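Welcome! Please look over the sequence and the structure below, and then read on for a short guided tour.

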Amino acid sequence: MQFCKYGCGTYVGFLADVKSLDGLKSVPIEVKTSKVHECPKRGWSEYVRCIRCGNEICFHNSETSSITGKKYPFDSPKKRHQCRFFTKSGGDIN
Ligand SMILES: [Zn+2]
Ligand SMILES: [Zn+2]
């Protein structure tokens with residue numbers, strides 16, 4: 001157990017059987033909540049491809065929707081991704 005390496009002051013632990021999506025790294029777990037620690041100080045994520053349009057997008061742990069709790073996609077830091085395949089109704093096209 002240790003404090004989060006990004007300096008947010010959260011106490012985290014690592015479980016051997018909880019790995020990041022690529023299966024390589026252990027992800028930090030918040031000791032208090034037993035949930036994966038999405039650090040607000042971590043900064044911007046690596047670029048991934050939008051599942052709808054295929055453009056490169058990134059995420060920020062402190063930029064989340066207050067409604068869904070999900071992270072907003074960004075084209076680049078501070079520029080929100082307005083996906084052209086995202087319908088107004090909010091439904092998925094596939
Ligand atoms: Zn942290
Ligand atoms: Zn998109």
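Of the 94 residues in this protein, 5% count as buried. The model is predicted, and its mean pLDDT is 85, with 82% of the residues reaching 70 or more. Let's go through it topic by topic.

**Overall layout**

- The protein has 7 strands and 0 helices.
- If you start at the N terminus and walk along the chain, the elements come in the order β-β-β-β-β-β-β.
- Take the contacts between residues at least 6 apart in sequence: 25% of them join residues at least 24 apart.

**Confidence along the elements**

- Which strand has the lowest mean pLDDT among the elements? Strand β2, covering residues 11-19, has the lowest mean, at 79.
- Strand β5, made up of residues 56-57, has the highest mean pLDDT among the elements, at 96.

**Two residues with a positive phi**

- Here is some background: most residues other than glycine have a negative phi.
- S34 is not a glycine, yet its phi is positive, at about 65°.
- You can find S34 in the loop that runs between β3 (26-30) and β4 (48-49).
- Is S34 buried or exposed? S34 is exposed because it has 9 other C-beta atoms within 10 Å, and 12 or fewer is the cut-off for that label.
- K78 is another residue other than glycine with a positive phi, near 80°.
- K78 sits in the loop between β6 (74-76) and β7 (79-80).
- K78 has 9 C-beta neighbours inside 10 Å, so K78 counts as exposed.
- Try locating H60 as well: 18 residues separate K78 from H60 along the chain, and their C-alpha atoms are 9.6 Å apart.

**T10, before strand β2**

- T10 belongs to the loop between β1 (2-3) and β2.
- T10 counts as partly exposed because it has 17 C-beta neighbours inside 10 Å; the partly exposed class lies between 12 or fewer (exposed) and 20 or more (buried).
- Which residues does T10 contact, leaving aside neighbours within four places in sequence? They are C4, E30 and H37.
- T10 and H37 are 27 residues apart along the chain, and 8.5 Å separates their C-alpha atoms.

**C39, between strands β3 and β4**

- C39 is located in the loop between β3 and β4, and S34 lies in the loop between β3 and β4 too.
- With a count of 18 C-beta neighbours inside 10 Å, C39 is classed as partly exposed.
- Not counting residues up to four places away in sequence, C39 touches C4, Y6, C8 and N61.
- C4 is worth finding in the structure, since C39 touches it and T10 is in contact with C4 as well.
- The C-alpha atoms of C39 and P28 are 9.3 Å apart, and the two residues are 11 residues apart along the chain.

**H81, after the strand β7**

- Where is H81 found? H81 is in the segment that follows β7.
- H81 is partly exposed because it has 19 other C-beta atoms within 10 Å, whereas a buried residue needs 20 or more.
- Residues up to four places away in sequence aside, H81 touches C50, I57, P73, F74 and D75.
- One of these partners, C50, is 31 residues from H81 along the chain, and their C-alpha atoms are separated by 9.2 Å.

Notes: Residues are numbered from 1 along each chain as its sequence is written. Chains are lettered from A and ligands numbered from 1 in the order in which they are written. This is a predicted model: local features need pLDDT of at least 70, side-chain atom pairs count only at pLDDT 80 or more; totals for chains, interfaces and linings use all residues. Helices (H or I, at least four residues) and strands (E, at least two) are DSSP runs, numbered from the N terminus. Two residues are in contact if their C-beta atoms, placed from the backbone, lie within 7 Å. pLDDT is the predictor's confidence in each residue, from 0 to 100.
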